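Please work through the exercises below with the sequence and the model at hand, and try each task before reading its solution.

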Amino acid sequence: MEELLEDPELLELSELDDEELSLEEELDCLLDELLLSELELLLSELEELSELLLELSEELLLSELEEDSELLEELSEELLLSELEEDSELLLDFELEEELSEELELLDSELEDED
């Protein structure tokens, strides 16, 4: 065994193996750093996209709310107009009825006077 440790070729191979392991570890570390950097970049882009999506969602929601509000306003106006027309018709009917009633009373009164 001592002969193996004293053999210069074996010592050199052992040193090369140690260097190779060290280089592999360094390469692994660099790859890990690169992957971490890429993941951080992707996370940042994902956050930006998420914010943009949120903004677009808010804009879409606001747009839909505005459209709904306009439709509701139009429907309210139509309903109000319809109710006003109905009320107007009722008022006219009532006024005509009043007039007819007054005329009938006058006719009745004239007929009684003739009798």
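A patch is made of residues with over 30% relative accessible area and no salt bridge, and nonpolar side chains are joined to it within 5 Å. The model used here is predicted.

**Exercise 1.** Find which residues make the nonpolar surface patch, and say where L34 is placed.

*Solution.* The patch is made by L27, L31 and L34, and its area is about 290 Å². Turning to L34, its place is in helix α2, which covers residues 8-114.

**Exercise 2.** Describe the overall form of the protein from its helices, its box and its radius of gyration.

*Solution.* Begin with the elements: the protein has two helices and zero strands. Next, its C-alpha atoms fill a box of roughly 160 × 20 × 10 Å along the principal axes. Finally, the radius of gyration is 48 Å, whereas a compact globule of 115 residues would have one near 13 Å.

**Exercise 3.** Decide whether E86 is buried, partly exposed or exposed, and give its distance from E33.

*Solution.* E86 lies in helix α2. Because its relative accessible area is 47%, between the limits of 20% and 50%, E86 counts as partly exposed. From E86 to E33 there are 53 residues in sequence, and their C-alpha atoms are 78 Å apart in space. For the protein as a whole, 0% of the 115 residues count as buried.

Methods
Residues are numbered from 1 along each chain as its sequence is written. This is a predicted model: local features need pLDDT of at least 70, side-chain atom pairs count only at pLDDT 80 or more; totals for chains, interfaces and linings use all residues. Side-chain values use heavy atoms; hydrogens and water are left out. Patches are made of residues with over 30% relative accessible area and no salt bridge: like charges are joined within 9 Å, nonpolar side chains (Val, Leu, Ile, Met, Phe, Trp, Tyr) within 5 Å. Accessible areas come from the Shrake-Rupley method with a 1.4 Å probe; for residues, only the protein chains shown count as cover. A salt bridge is a side-chain nitrogen of Lys or Arg within 4 Å of a carboxyl oxygen of Asp or Glu. Helices (H or I, at least four residues) and strands (E, at least two) are DSSP runs, numbered from the N terminus. The radius of gyration is taken over C-alpha atoms; the globule rule is 2.2 Å times the number of residues to the power 0.38. Buried means under 20% relative accessible area, exposed over 50%, partly exposed in between (1.4 Å probe, protein chains only).
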